[in-house]
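Colleague: Could you take me through the ligand site of this model in some detail? I would like to see what surrounds the ligand and what space it takes up.

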Amino acid sequence: MADCIFCKIAKGEIPARMIYEDDEIIAFHDAAPQAPVHFLVIPKKHIPNLMSVEPGDIALMGRLLNKARELAEQLGCAEKGARFVINCKSDGGQTVDHLHIHVLGGRPLGWPPG
Ligand code: 5GP
Ligand code: ZN
C-alpha cells in the first residue's frame with residue numbers, strides 16, 4: 001500500500017533496525033521501545049489488522065507467531081519470557097494500520113494494560 005509506513009519499511013524505502021527478513025516476513029526494532037527488547041514482526045503483505053485476516057492468510061499468521069517466538073528466544077527472552085501483543089483498530093490501540101506483532105521483554109511487564 002503506497003502510503004503505509006510498514007510497507008515502506010518492508011520494501012526498504014525507509015530505514016529500520018532490521019532483525020530478520022524472508023520472502024513473507026520482516027522483523028525490526030520498534031522506533032519507540034517500551035522495554036529493553038521491543039521489536040515488531042510483520043507480514044510483507046499489507047494486511048491492515050487482525051480482523052482483516054482472510055482464510056488464505058492463516059498459514060502466514062502461524063509463521064508470524066512462530067517467528068516472533070523464535071526471535072524472542074534469540075534476543076534473550078527464552079528464560080524469563082516476553083509479551084506478544086497484537087493491537088487491533090482504535091479501541092485496541094493500533095496506530096499503524098499494517099498488521100504487526102509486538103514482542104516486548106527484558107523486564108517484568110504489568111497487567112492489565114491501562
Ligand atoms: P501500534 O500502536 O499500531 O500497535 O504500534 C505501532 C508501533 O510502531 C509503535 O510501537 C511505534 O513506536 C512503532 N513505529 C511507528 N512508526 C515506526 C517507524 O517508522 N519505524 C519503527 N521502527 N517503528 C515505528
Ligand atoms: Zn502496509
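Modeller: Happy to; here is the ligand site, followed by the pockets.

This is a predicted model, where local features need pLDDT of at least 70 and side-chain atom pairs count only at pLDDT 80 or more, while totals for chains, interfaces and linings use all residues. Residues are numbered from 1 along each chain as its sequence is written, chains are lettered from A and ligands numbered from 1 in the order in which they are written, and side-chain values use heavy atoms, with hydrogens and water left out.

Let's start with the shell. Ligand 1 is surrounded by 16 residues, and the closest are Asp30, Asn87, Thr95, His100 and His102 (a residue counts as near if one of its heavy atoms lies within 4 Å). By class, eight of the shell residues are nonpolar, seven are polar and one is charged. Here Ala, Val, Leu, Ile, Met, Phe, Trp, Tyr, Cys and Pro count as nonpolar, Asp, Glu, Lys and Arg as charged, and the others, Gly among them, as polar.

Now for the polar contacts (pairs of N or O atoms within 3.5 Å). The side chain of Asn87 brings an N or O atom to 2.8 Å from an oxygen atom of ligand 1. A nitrogen atom of ligand 1 lies 3.0 Å from a polar backbone atom of His29, and a backbone N or O atom of Gly93 is 3.1 Å from an oxygen atom of the ligand. Taken alone, ligand 1 exposes 520 Å², and the protein buries 80% of that (Shrake-Rupley areas with a 1.4 Å probe).

Which space does ligand 1 take? The ligand occupies the largest pocket (more than half of its atoms lie within 2 Å of the grid points). Helix 1 (5-10) and strand 2 (25-29) are the elements that give two or more residues to the shell, and helix 1 supplies the largest share, three residues. These elements are DSSP runs numbered from the N terminus: helices are H or I with at least four residues, strands E with at least two.

A pocket is an open set of points on a 1 Å grid over the protein atoms alone, where a 1.4 Å probe fits, with protein on both sides within 12 Å along at least five of seven lines; lining residues have an atom within 4 Å of a point. The largest pocket has a volume of about 460 Å³, the space filled by probe spheres set on the points. Its lining has 25 residues, and Gln34, His38, Asn87, His102 and Leu104 are the closest to its centre. That lining comprises 14 nonpolar, seven polar and four charged residues. Helix 1, strand 2, strand 3 (37-43), strand 4 (82-85) and strand 5 (101-105) each give at least two residues to the lining.

Terms used. A polar contact is a pair of N or O atoms within 3.5 Å; within protein, one must be able to donate a hydrogen and the other to accept it, and residues adjacent in sequence count only if both atoms are side-chain atoms.
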